[in-house]
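Biologist: I am new to this structure and would like a close look at a single part of it. Please take one strand, go through its partners, and then say what lies elsewhere.

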Amino acid sequence: MSGRDLFCQPRRFGRGAALTLVFASVLVAGAATGSLPEGDRKSTPDRAGSAAPAGHHENVAEAAAEAMAAGKSPVEAAERAVSRSGDRWGAVYSPGEYEEFEEALDGRYTGVGLWARRERDGRIEVTKVRAGSPAAVAGIRSGDRLRSVDGRKVDGRPVTEVVSLLRGDATDAAAGTTVTLGLERGTRAWDETLRRARLSTDSVTVRQLADGTTVIKIDSFTKGSGAAVRAAVRQAPAASGILLDLRGNSGGLVAEAVTAASAFLDGGLVATYDVEGAQRALHADPGGDTTRPLVALVDGGTMSAAELLTGALQDRGRAVVVGSRTFGKGSVQMPSRLPDGSVAELTVGHYRTPSGRGVDGKGITPDLDADQRVIERAETVLSGLSPQS
C-alpha cells in the first residue's frame with residue numbers, strides 16, 4: 001500500500017444530497033466547516049489507474065459513459081448505478097469535490113473555521129471556533145446559535161447539511177467566496193458575512209492531566225497525524241500513562257493509522273484486508289513504546305481506520321479499550337476515474353483485526369463499557385495498569 005492508501009466512507013449518496021458520514025467533528029462534536037474529507041479511501045484514482053477495477057466499477061463507468069453520449073449528467077447516472085448496486089459505502093464525486101478531499105486529507109481545507117452541533121430541540125449551536133479563522137476574526141464564539149446560512153434557516157437540519165451550506169458545496173465555492181451567517185447570542189440577533197479561507201487542520205491534540213497522564217486526541221487520520229502521535233508518545237513524561245482518545249474519529253488515511261499503531265507496537269500485524277479476493281496485511285514499524293500503560297477511548301463515532309487501530313491495540317494486548325461499541329465500518333473502497341473526470345469509489349473488500357475479527361457491521365466491543373464520565377473511568381483503569389515487561 002502507498003502512503004496515500006486508506007479505507008473509505010462516502011461524502012454523499014446522491015447528487016445534491018448533503019454530506020453524510022464524515023470526520024469525527026461532524027458525527028460527535030459538531031462540524032468543522034470545510035474540514036470534511038471523505039476519509040478512508042483505499043487509494044487515489046491516479047494511483048489506482050484510469051481503468052476501473054473489476055466488478056461493479058465497470059457497470060458504474062458504463063452508466064456514466066452512456067449518459068455522456070446521450071448528453072445527460074454522467075455523475076447522476078453513476079450515482080444511480082451505485083444505488084442499484086446496493087453498495088452501502090459507494091459514492092461518486094465530481095472532480096472538484098475529489099480534489100478538495102485530497103487537499104483536506106493533506107491537512108488543508110476551505111472553510112470559515114467553526115464547529116457546530118444540533119441540540120435536542122433542533123437548534124444549531126457553535127461549539128468551537130478556530131483561532132485566526134474568519135469566524136474568529138468576526139467575533140463568533142462558542143455558544144452562539146447559528147440560525148441561517150445565506151438566508152436558509154438551519155434549525156432542524158442535520159449538521160451535515162449545515163456544513164454543506166457553509167462550505168458552499170452546491171457551487172463548489174472556493175476560498176475568497178462569501179457566506180452570510182444568521183447568528184444569535186442571548187437576546188442579540190445579527191447577520192455576519194464571512195469570506196471562506198484556506199485553513200489547516202490540527203487532527204492531533206495533546207494535553208496533560210493533573211496526575212501526569214498524557215491524553216492524545218486524534219480527531220481524524222490526515223497526513224502527518226501518525227507522526228504527531230509518535231512524537232507525543234516520545235515527549236510524554238517518563239513512566240506516565242497515556243489515554244488515546246479515538247472517540248468520534250471516523251477515519252482517514254490508513255497509512256497514518258498504521259503509523260500511529262507503530263507508536264505503541266514493536267512491529268507485527270496491525271490488520272489484514274482483502275481486495276477482490278487478494279489477501280494483504282498491514283504491519284507496524286518496529287521500535288514503538290510497548291511498556292507505557294495505555295487506554296484507548298472509543299464510542300459509536302469511532303469508525304474505519306480508527307477501528308483498525310483500536311482492534312490492533314486490543315488484539316495485541318497493548319491497550320485496554322474503554323467506552324462504547326464502535327461504529328462497525330470495516331470495508332475497503334477503491335476509487336476509479338469515470339469518463340467525465342469524476343470519481344467513483346466502490347467497495348472491493350473488508351479488513352480484519354490481527355485475531356481475524358471482522359469489524360464491518362459489528363464494531364469493536366470495549367473491554368470496559370462506559371457511556372458517561374469516560375475519562376474518569378479510563379483514568380481508574382490506567383492507574384491499575386503496571387508497565388508491561
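Modeller: What follows starts with strand 18 and its partners, then turns to a second sheet and a hairpin. This is a predicted model, in which local features need pLDDT of at least 70 and side-chain atom pairs count only at pLDDT 80 or more, while totals for chains, interfaces and linings use all residues. Residues are numbered from 1 along each chain as its sequence is written, and side-chain values use heavy atoms, with hydrogens and water left out.

Strand 18 covers residues 343-352. Strands here are DSSP runs of E with at least two residues, and helices are runs of H or I with at least four residues, both numbered from the N terminus. Eight of the 10 residues of strand 18 are buried, so the strand is largely enclosed by the rest of the structure. Buried means under 20% relative accessible area, with exposed being over 50% and partly exposed in between, for a 1.4 Å probe and protein chains only.

Two strands are said to pair if DSSP finds at least two bridges between them. Strand 17 (residues 331-337) runs antiparallel to strand 18, with seven bridges. Within this pairing, S331 has H350 as its bridge partner. The hairpin of these two strands has five residues between them, and G341 there has a positive phi near 95°. Strand 1 (residues 91-93) is also antiparallel to strand 18, through three bridges, and A91 is matched with E345. Strand 13 (residues 269-275) is joined to strand 18 by two bridges, again antiparallel; here T272 is opposite R352.

Elsewhere, six strands form an open sheet with mixed pairing, in the order 10-11-12-15-16-19. Strand 10 (204-208) and strand 19 (368-369) are at its edges and have a single partner strand each, so one side of each has no neighbour in the sheet. Strand 19 runs parallel to strand 16 (residues 320-323), and two bridges join them. V322 has L368 of strand 19 as its bridge partner. Helix 11 (residues 374-383) lies across strands 10, 12, 15, 16 and 19, at about 160° to strand 15. That angle is taken between N-to-C directions on a scale from 0 to 180 degrees, using axes that are lines fitted to C-alpha atoms, for helices over the stretch in contact; contact means heavy atoms within 4.5 Å.

A further hairpin consists of strand 7 (residues 178-185) and strand 8 (residues 188-195), which are antiparallel over eight bridges. E184 is opposite A189. Two residues sit between these strands, and G186 has a positive phi near 65°.
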